[in-house]
Amino acid sequence: MENKKTKWWQKAVIYQIYPRSFYDSNADGIGDLQGIIKKLPYLQELGIDAIWLSPVFRSPQDDNGYDISDYQDIDPIFGNLQDMDELIAEAKKRGIRIIMDLVLNHSSDEHPWFLEAKKSKDNPYHDYYVWRDGIEGSEAFPGSEASPGGYPNDLKSAFCGPAWEWVPECGQYYLHQFSVKQPDLNWENPKLRKAIYDMINWWIDRGVGGFRLDVIDLIGKDTDNCVMAEGPMLHPYIREMSSAAFQRADLVTVGEAWSATPERAFLYSNPDGSELSMVFQFEHMLLDQQPGKEKWDLAPLPFVEFKKVFTKWQQSLYQKGWNSLFLDNHDLPRAVSHFGNDEKYRVESAKMLATMIHGMQGTPYIYQGEELGMTNVRFDIEEYRDIELLNMYKERMEKGYEEQEIMRSIYTKGRDNARTPMQWDESPNAGFTAGTPWIRCNPNYTVINAQEALVDQDSVFHYYQKLIALRKQEAVLIEGWYEPVMEEDTDIFAYTRENGTDKLLVLCNFKEQPQTRTLAEEWKNGEVLISNYPDSCADGKLRPYEAMMIKVRKG
Ligand code: TEU
Ligand code: CA
């Protein structure tokens, strides 16, 4: 097999920062760029190679920055362009690259393009967005006096309600797949595309290390046929953007693609570099919900299926593409609460999940606080801030759902689980701010915090540090073939990785109950590279949530 040169991002571990919840340097209750700069030594100690920064561009913050009103400026709540340059430079000194989060499917309704676009149908910017006339006889737009006709079609917004909003000024509806304040951009317009590529190049010239591309699978949409994800023009647009911008530098690019399948991921992450480095796919995240329903409609995790999804992705992309490895982000519940045990075995299960992810092929992502084993929260409804969650609460209350059931969905899947402030120490507000935090802290910060983790050699933090270091040492982690072991086992997640010289066994007990399994002879004298109990060995006995990586040399 041809051995192409390994790219820097194939050996990298990327850390995601949700800036408003990371560290507040000026006591206004919101995390900011200077706060991140202050915490760079912490990240360097962890050993990460790059930071993916959730959006810090100028924004009305309707969806916490995923509604951008100026792509070439920093929102004042986070700082200014000088702070951004300083962050890039300071991070670089520590060997850390900065990845910006580009939201290109939609802008804010306060973006100058949209302010122009809505003035009239003949405005030069009108065609930067997706407009349609009302349809006679279809469901009427509520409260409209001008009789615009009903909604153009029945597309729904991801944040509840119709995906169309009427603008009396120009007499048309605009498309918004997310909130009303996030109008969809019209990628069919070459002028818009050119403006976007110029903007990306401006950031490349400022020295950023790459980009995460928000809901990139939606940009090639065919609105009239209601084909939103993976539309006919998606890959042509990505290829155009890649050659007009990304390919100018040695960047990492990762597209968020909820609709990705391995077959499509070959295109996105083609090793020829014509599109992106990799995509975030979510197949493993969509299993514990009722089929055909929403994420709020909970179902137990089908564990064997969960493992098979990983196997499929690991094997299909081998030497044909590249995987992103993650169990949480700013839209998902906390990994240890979701897949582990956030009470009695919090530390063991957080380390077990880390082992399972970091043993695979791909680029691992750590979401802020995951390295501390931070957990989900249970707040009163007034204490939540997320637009998605609040809209859902309102809609389901109106539809007559039991409040208790709605709250259970929020505790389990709500995005604010991941957005509570980073827990730095046991001082008030977790040491996150000297002011009033924009969202309440998880009350468990008195026990779960970075200060505590840094002094404890057995902490989740130090376990991640070891895993990151292992990735730099063991080539088999980067290039080895993935083969599932005990595929039908309902308690254990196990697989091997193998290259020309080494073979690795990753063994993870996903349960509180101890397990005994018979391991193949070849592992008996293997070296335990890492494990979450002090005295793990390859005897096939696994204690609650025990996990280990065992290595043998071949031949
Ligand atoms: O998320 C994409 C997306 O589809 C989300 O609405 C997702 O379905 C939901 O969060 C799952 O709970 C991206 C960003 O990551 C998210 O933060 C933004 O709100 C969204 O795009 C709109 O930009
Ligand atoms: Ca601040």
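In this predicted model, the residues that donate to the calcium ion (ligand 2) follow the sequence spacing D-x1-N-x1-D-x1-I-x1-D. Read against the structure, the pattern resolves into Asp24, Asn26, Asp28, Ile30 and Asp32. Asp24, Asp28 and Asp32 each coordinate the ion through OD. Asn26 uses OD1. Ile30 coordinates through O. The distances run from 2.2 to 2.3 Å.

Two of these donors can be placed by accessibility. Is Ile30 buried or exposed? Ile30 counts as buried because its relative accessibility is 15%, and the cut-off for buried is under 20%. Asn26 has a relative accessible area of 47%. That value makes Asn26 partly exposed, because exposed would require over 50%.

Now turn to ligand 1. The space it takes is the largest pocket. Around ligand 1 there are 17 residues. Asp63, His106, Asp214, Lys295 and Asp331 come nearest. What is the make-up of the shell around ligand 1? Nine of its residues are charged, five are nonpolar and three are polar.

Polar contacts add detail. An N or O atom in the side chain of Asp63 is 2.5 Å from an oxygen atom of ligand 1. His106 places a polar side-chain atom 2.9 Å from an oxygen atom of ligand 1. For His330, a polar side-chain atom also lies 2.9 Å from an oxygen atom of the ligand. How much of ligand 1 does the protein bury? Taken alone, ligand 1 exposes 480 Å², and the protein buries 93% of that.

Notes. Residues numbered from 1 in each chain as written. Chains lettered and ligands numbered in written order. Predicted model: local features only at pLDDT ≥ 70, side-chain atom pairs only at ≥ 80, totals over all residues. Heavy atoms only, no water. Donors = N, O, S within 2.8 Å, 3.2 Å for Na, K, Ca; no water. Buried < 20%, exposed > 50% of the residue type's maximum accessible area, 1.4 Å probe, protein only. Near = heavy atom within 4 Å. Polar contact = N/O pair within 3.5 Å; in protein donor to acceptor, adjacent residues only side chain to side chain. Areas by Shrake-Rupley, 256 points an atom, 1.4 Å probe, with all protein chains shown as cover. 1 Å grid on protein atoms, 1.4 Å probe; cavity = no way out; pocket = protein on both sides within 12 Å on 5 of 7 lines; lining within 4 Å. Sits in = over half its atoms within 2 Å of the grid points. Nonpolar A, V, L, I, M, F, W, Y, C, P; charged D, E, K, R; others polar.
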